[in-house]
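Work through the exercises below with the sequence and the structure side by side. Try each task before reading its solution.

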Amino acid sequence: MVELGALPTVLALFLGLVLAFLVKFFFSRAHTNLPHGKMGWPLLGETLAYLKPHKSDSIGIFLQEHCSRYGKVFKSHLFGHRTIVSCDHELNMFILQNEEKLFQSSYPQALHGILGRNSLILVSGDVHKKLRSLALGMIGGTKSTVNFLPSIESLSISMMESWKGCKEVVFCKEAKRFTFNLMMKQSLSIGPDEAVTAQILEDFHTFMKGFVSLPIYIPGTSYHKAVKARERITSTIKGIIEGRRKENRLQNGDFLDVILSKENLTDEERVSLILDLLLGGHETTATLMALLIYFLAHSPQALQQLREEHLAIRKNKNDGELLSWEDYKQMNFTLNVIYEGLRCGNVVKFVHRKSLEDIRFKEYLIPAGWKVLPVFTAVHHDPCLHENPWDFNPWRWDDQATNKKVSFFGGGQRLCPGADLAKLETAFFLHHLVLNYR
């Protein structure tokens, strides 16, 4: 027991220790060459300001103010950790190219609760190499099947047909429906009209709402609902896996066939791979499509040239003849449009990394254990790299050097395994869209 008269002394000592901790926490390494910046509030840091919503085709007020005040590389306190924020393309590429050497993937713990511990986004080291290699093999193998291109095109045509007679189409919603149905078909050989598709889609919408919510695991919150939705999706996919095993049926030519043929995987890893493919192939590709419609609506010249390219392709085909790989190779301006949509729209704005040791890059020190955020948005809108960066200008991609000034698919060991698939799906969808709708 502490005597009453000694209480002020104990309280003063306690407050002194807390103050010393905060001083050490926020101002440690002050004598080193840390980038300039500020740590913000205790515990929260500057996280709320950093996450303040802003338009996809802008970098937001937070980055504008901090880059103006501190430069393209600055320190902060984000997501509960001391952080180096990089809006510098050279440093970003250095970070991406040194994955598992100097840096490591390090996402907030809340994402682990939603994505699961075996998610390709979260795992590192040998586990990541194994799962990524399988993802690349699945996508590569599926692309070589005879029904791969027809399935993409038939779903595109079916979607266009469903719009006939509609006075209004909510395109973002339709794009998500298209990409989800396509990924269900490619991953699990399940069609859009099957009951399980609607079941997983409903849970997936709940899952995505929690993905960007406050990580409060209390019944009724979006985060709690998302975790429960993932559990239901996991249970459904496990049921599909068991069904195939019982029927000894591995002739669908889909992603699940490839996964089940690999004996070095656990069922948890198999489910995580399917979920990762649904997440990446559904949400990000649909967002890209919606962004392209927005940008093309504001660029009549680009829309006209896009339509002319696809008219030329269609003129060399018979009525009802489906697109081929050779047709896709002729879609040069289409790819320019897709790349420019990715640059302007920034589907993935930044990634989470952690430094594994003290790292010196130019005049900066990145201390061991600090979080590092390479911000792609800032690089894609950097006037030092792109002329009139806020203009939607697909013709800038005629210059091959532009490819070296972007990183919308990431880089290094974590280069998006589904990048080519996303471009193909979007190109085929745009083909039928520009030829059938104004």
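**Exercise 1. The largest cavity**

Task: How do the residues of the lining of the largest cavity divide into nonpolar, polar and charged?

Solution.
- Step 1. The model is predicted, and a search of the whole structure turns up one cavity of 30 Å³ or more.
- Step 2. The space in this largest cavity is about 30 Å³.
- Step 3. List the lining: Leu115, Phe207, Leu275, Asp276 and Leu279.
- Step 4. Sort these residues by class: four are nonpolar, none is polar and one is charged.
- Step 5. Look for the main contributor: helix 12 gives the most to this lining, with three residues.

**Exercise 2. The second largest pocket**

Task: Which helices each supply at least two residues of the lining of the second largest pocket?

Solution.
- Step 1. Start with the volume: the second largest pocket holds about 310 Å³ of space.
- Step 2. Write down its lining, which consists of Trp163, Val169, Phe171, Ile293, Leu296, Ala297, Leu303, Arg307, Leu433, Val434, Tyr437 and Arg438.
- Step 3. Match the residues to helices: helix 12 (267-297), helix 13 (300-315) and helix 17 (419-436) each supply at least two of them.
- Step 4. Helix 12 has the largest share, three residues.
- Step 5. By class, the lining has 10 nonpolar residues, no polar ones and two charged ones.

**Exercise 3. The order of the strands**

Task: In what order do the five strands of the open sheet lie, and which are the edge strands?

Solution.
- Step 1. Recall that strands of a sheet pair through backbone hydrogen bonds, either parallel or antiparallel.
- Step 2. Reading across the sheet gives the order 1-2-7-4-3, with mixed pairing.
- Step 3. Strand 1 (73-78) and strand 3 (103-105) each pair on one side only, and these are the edge strands.
- Step 4. On average, neighbouring strands of this sheet are turned by 35° against each other, direction ignored.

**Exercise 4. Pairing, strand by strand**

Task: In which sense, parallel or antiparallel, does strand 7 pair with strand 2, and in which sense with strand 4?

Solution.
- Step 1. Begin at strand 1, which runs antiparallel to strand 2 and is joined to that strand by six bridges. Phe74 has Val85 in strand 2 as its bridge partner.
- Step 2. Strand 1 and strand 2 form a hairpin with two residues between them, and in the turn Phe79 has a positive phi of about 55°.
- Step 3. Move on to strand 2 and strand 7: they pair in the parallel sense over four bridges. Thr83 stands opposite Lys371 in strand 7, and Ser86 has Pro374 as its bridge partner there.
- Step 4. Finish with strand 4 (residues 353-355) and strand 7 (residues 371-374), which pair in the antiparallel sense over two bridges. Here Arg353 is opposite Val372, while Lys354 is opposite Lys371.
- Step 5. Check the side chains of strand 7: Lys371 and Leu373 point one way, Val372 and Pro374 point the other way, and all are buried.

**Exercise 5. Helices against the sheet**

Task: Which strands does helix 3 touch, and which strands does helix 4 lie across?

Solution.
- Step 1. Helix 3 (residues 60-70) packs on the sheet and touches strand 1 and strand 2 (81-86). The direction of helix 3 makes about 130° with that of strand 1.
- Step 2. Helix 4 (residues 89-97) lies across strand 1, strand 2, strand 3, strand 4 and strand 7. Helix 4 runs at about 120° to strand 7.

**Exercise 6. Two residues and their accessibility**

Task: Why does Thr377 count as buried, and why does Asp358 count as partly exposed?

Solution.
- Step 1. Locate Thr377 in helix 16 (residues 376-380).
- Step 2. Apply the cut-off: buried means under 20% relative accessible area. Thr377 counts as buried because its relative accessibility is 2%.
- Step 3. Leaving aside neighbours within four places in sequence, Thr377 is in contact with Ser58, Ile59, Asn346 and Lys349.
- Step 4. Locate Asp358 in the loop between strand 4 and strand 5 (359-361).
- Step 5. Asp358 counts as partly exposed because its relative accessibility is 42%.
- Step 6. Asp358 and Leu102 are 256 residues apart along the chain, and their C-alpha atoms are separated by 8.7 Å.

Notes
Residues numbered from 1 in each chain as written. Predicted model: local features only at pLDDT ≥ 70, side-chain atom pairs only at ≥ 80, totals over all residues. Heavy atoms only, no water. Pairing = 2+ DSSP bridges. Axes fitted to C-alpha atoms, helices over the stretch in contact; angles between N-to-C directions. Contact = heavy atoms within 4.5 Å. Buried < 20%, exposed > 50% of the residue type's maximum accessible area, 1.4 Å probe, protein only. 1 Å grid on protein atoms, 1.4 Å probe; cavity = no way out; pocket = protein on both sides within 12 Å on 5 of 7 lines; lining within 4 Å. Points joined across faces, edges and corners; volume = space filled by probe spheres on them. Nonpolar A, V, L, I, M, F, W, Y, C, P; charged D, E, K, R; others polar.
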